[in-house]
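This report describes how selected strands are arranged and paired. Please keep the sequence and the structure in view while reading.

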Amino acid sequence: MEPQESQDAPDGLEEQRAFICASFNQDTTSLSVGTKTGYRLFSVTAVDKLDCIHEGGLPLVPLPVECPDVYIVERLFSSSLVVVVSLSMPRRMNVYHFKKGTEICNYSYSNDILSVRLNRQRLVVCLEESVYIHNIKDMKLLKTLLNTPTNLTGLCALSVNHSNSYLAYPGSATIGEITVYDANNLSTLTLIQAHDSPLAALAFNSSGTKLASASEKGTVIRVFSVPEGQRLFEFRRGMKRYVSISSLSFSADAQFLCASSNTETVHIFKLEQHSPSQDEESPTWSAYMGKMFSAASTYLPSQVSDMMHQDRAFATVRLNMFGLKNICALATIQKLPRLLVASSDGCLYIYNVDPQDGGECVLVQKHRLFESGEEQVEEKEEEDPEDGSPPPTSQSYAATVALPSTPPSSTTLMGYSEEGGAQTGDVIPEHEFAESPVCLDDENEFPPVGNQSN
């Protein structure tokens, strides 16, 4: 994200000048922010406080190289591995162990780096017309996808579930075609014809079984099954044309999908299938009209029929800004569903989400990401009523996300191992749905491997 700057910035906007980019980690437990002097990592596991975990860049930390004007910063879950790319060296990717203040490695590429994506198996670097896939254990280059369609923004998505490591990127520069690539087996899985116009946003759910997409028009958001590529849902964000979608993000249980843009509204959609049998069992007026619309749509042009089948937003957020870039994420914080919005105004906004009724979300906290004094919105939080009673038990969505449906078993999950990576038969603890942040073995996980060029 790039901030909107003015030559005569009013008081209080100096922080905005320092703000260059922002990203949430894979399980939405921390926020990474790139600045003109380096980068910062924040913990987002509480509503009322925003702890700065780490500040990187000169003169804060004596790293091997300078890293001012950081425009890419990505953290691997809650480990100490962080990937940094700066405007001063846009073709070089630096991988740091930030707790030790040491460099693990750096790679140089033939063109500017536009985006970087991580999971526990793969590190993916996207250039304008090529994609590089590394093994994250030793940073070895496994595959180079050359002559990919022109991708000016470096748009791509990588499944955070390392057992599949699905990678999605534009399959065309002129239409909304998605290439889904298996980064573990290094082979193309499928091509999805998602939109008529070029792609603007992509996002996998946490298990890598669903893929959301939006085009440059920004009016329709679609969700597809992976790896089949079947269209599952279609949501209408609005009737305005050429709205710039800046981010898409699923909730951890894939029941909800949020979308932010350069407008003042963030939309949250609910992924639920409408069962025809339920309409028959409850012969209400709305059910009757729904059946009539469904029958009528079969006789109408496809464009009109598609619009009649599109679901609208389940919940919305009205931001107090317009035209600023931002990223959004759905998270469970203190056992309740929240919407997080990190904006190029240099603030993090936290909203409560009603998982049953939706509607307008309530702003409960505003945190400044820089040191000019932290501004907070004083609101009574749902989990802290005046009478001291426990939070309401109706938040079934929060309970679903915060706790697995069955007790975790360390003897049944196979895949990631701190010692040997993803190998068939390895026994691991259940980390994908752990309540607490995952801590990798920093001492042995990422030893320095030197410098490389591509």
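Two strands are said to pair if DSSP finds at least two bridges between them. Strands of a sheet pair through backbone hydrogen bonds, either parallel or antiparallel. The model discussed here is predicted.

**Strand S11 and its partners**

Strand S11 comprises residues 130–135, and 6 of its 6 residues are buried. Both of its faces are covered: one carries Ser130, Tyr132 and His134, while Val131, Ile133 and Asn135 lie on the other.

S11 pairs with strand S10 (residues 122–126) in the antiparallel sense, and a hairpin of 3 residues joins S10 to S11. Within this pairing, cysteine 126 has valine 131 of S11 as its bridge partner. S11 also runs antiparallel to strand S12 (residues 141–146). Here, isoleucine 133 has lysine 143 of S12 as its bridge partner. The hairpin of S11 and S12 has 5 residues between the strands, and methionine 139 in this hairpin takes a positive phi near 65°.

**An open sheet**

Elsewhere in the report's scope is an open sheet of 4 strands in the order S25-S26-S27-S29, with antiparallel pairing. Its edge strands are S25 (326–333) and S29 (362–368), each of which pairs on one side only. On average, neighbouring strands of this sheet are turned by 25° against each other, direction ignored. S25 pairs with strand S26 (residues 336–343) in the antiparallel sense, and isoleucine 333 has leucine 336 of S26 as its bridge partner.

The table lists the bridges for each pairing.

| Strand pair | Sense | Bridges |
|---|---|---|
| S10 and S11 | antiparallel | 5 bridges |
| S11 and S12 | antiparallel | 5 bridges |
| S25 and S26 | antiparallel | 8 bridges |

Note on methods
Residues are numbered from 1 along each chain as its sequence is written. This is a predicted model: local features need pLDDT of at least 70, side-chain atom pairs count only at pLDDT 80 or more; totals for chains, interfaces and linings use all residues. Side-chain values use heavy atoms; hydrogens and water are left out. Buried means under 20% relative accessible area, exposed over 50%, partly exposed in between (1.4 Å probe, protein chains only). Helices (H or I, at least four residues) and strands (E, at least two) are DSSP runs, numbered from the N terminus. Axes are lines fitted to C-alpha atoms, for helices over the stretch in contact, and angles run from 0 to 180 degrees between N-to-C directions.
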